[in-house]
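Colleague: I am new to this structure and should like to understand the terms used to describe it. May I ask for the reasoning behind each of them?

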Amino acid sequence: MHLLGWIILFTAIGGFLSALAASIFLVVPDRVRTRVLPHLVSFATGALLSAALLGLLPHAVEAAGVSKAHELGMTLLGGLLLFFVLEKMVLWRHCHADVCEVHVNPEPQPHAHVHGHHHNHVHAHAHGGTHDQRRDQASAMLILIGDGFHNVLDGVLIAAAFMTDVHLGIVTAMAVCAHEIPQEVGDLAILLNGGMKPLRALTLNLLTSVTSVVGGVAAYFALAQVQGVLPYAIVLAASSFLYIAVADLIPGLHRKVDPGSGVWQLVYIVLGVAVIYVSHSLAH
């Protein structure tokens, strides 16, 4: 298959599968979803760390040469800072629960601490549900914009990996899909919470998911003209995965402090690492 065909196939499959899995996941009983979702997040954490540290970064160093290690390190650092800024701009935020307070709940105002519950109670009665409804609708639109942007970026990263090595591209696409599923579950829940009809929410969520194809195709034609940039694009992909895992997923896992949860989190993180590692090893 032509390289562009591989890129289109795996960016499309990743987008469709993540949106489809999220759709199916929301129709299962709440009790089941509550139990399974944290395990998916732990698995995604391991998959992202493994893809970044055992797949992408070694390939980037191999392609660029050890003499470029300093420049690659600077690119990794720059990528981490870039994603920090993007998240601060609320263009790229990963939600892994049915209710994500970054999108749904506004930050408490300073005076809320002074007046306490009574002020909040009066405020709610004064404004009714209109303010909350507008806030939820704005959150839903923000989710669509941010998710579309994020998926385009995913497509760029997958394309860069495929252009370095087809097997690396497959492993990268697997890692992307692993973290997209719990993210899409949260995104879809927020769209429904914003008042969208289920069919419309599912359709828009699916459309934003496949914008990764646009990013993949654009990256293919852009990077084909500048092959020397490929190792740095691979490092950028690694920084994306590391940022998601370390700054977003792991802090969420730490919210559960009981020993039993910690053990299962470690088990699924190791499982995520193992799946990507074995897939990468077998591919070679």
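Colleague: How many cavities of 30 Å³ or more does the count come to?

Modeller: The model is a predicted one, and the count comes to two cavities of 30 Å³ or more. The largest cavity has a volume of about 90 Å³. Among the 14 residues that line the largest cavity, Thr11, Gly14, Gly15, Val176 and Ser212 are the closest to its centre.

Colleague: Which element gives the most to the lining of the largest cavity?

Modeller: Helix 1 does, with five residues. By class, the lining has five nonpolar, seven polar and two charged residues.

Colleague: How many aromatic pairs does a search of the whole structure find?

Modeller: The search finds five.

Colleague: Why is the pair of Trp6 and Phe162 called stacked?

Modeller: The ring centres lie 6.4 Å apart, and a pair requires centres within 6.5 Å. The planes stand at 20°; planes under 30 degrees apart count as stacked, so the pair of Trp6 and Phe162 is stacked. This pair links helix 1 with helix 5, and its residues are 156 residues apart.

Colleague: What makes Phe162 buried and Trp6 partly exposed?

Modeller: Buried means under 20% relative accessible area. Phe162 has 1% and is therefore buried, whereas Trp6 has 23% and is therefore partly exposed.

Colleague: Why is the pair of Phe10 and Phe162 called tilted?

Modeller: The planes of Phe10 and Phe162 are at 45°, which is neither under 30 nor over 60 degrees, so the pair is tilted. Ring pairs link Trp6, Phe10 and Phe162 into a cluster.

How values were computed: Residues numbered from 1 in each chain as written. Predicted model: local features only at pLDDT ≥ 70, side-chain atom pairs only at ≥ 80, totals over all residues. Heavy atoms only, no water. 1 Å grid on protein atoms, 1.4 Å probe; cavity = no way out; pocket = protein on both sides within 12 Å on 5 of 7 lines; lining within 4 Å. Points joined across faces, edges and corners; volume = space filled by probe spheres on them. Helix = DSSP H or I, 4+ residues; strand = E, 2+ residues; numbered from the N terminus. Nonpolar A, V, L, I, M, F, W, Y, C, P; charged D, E, K, R; others polar. Phe/Tyr/Trp six-rings, centres within 6.5 Å; stacked < 30°, edge-to-face > 60°. Buried < 20%, exposed > 50% of the residue type's maximum accessible area, 1.4 Å probe, protein only.
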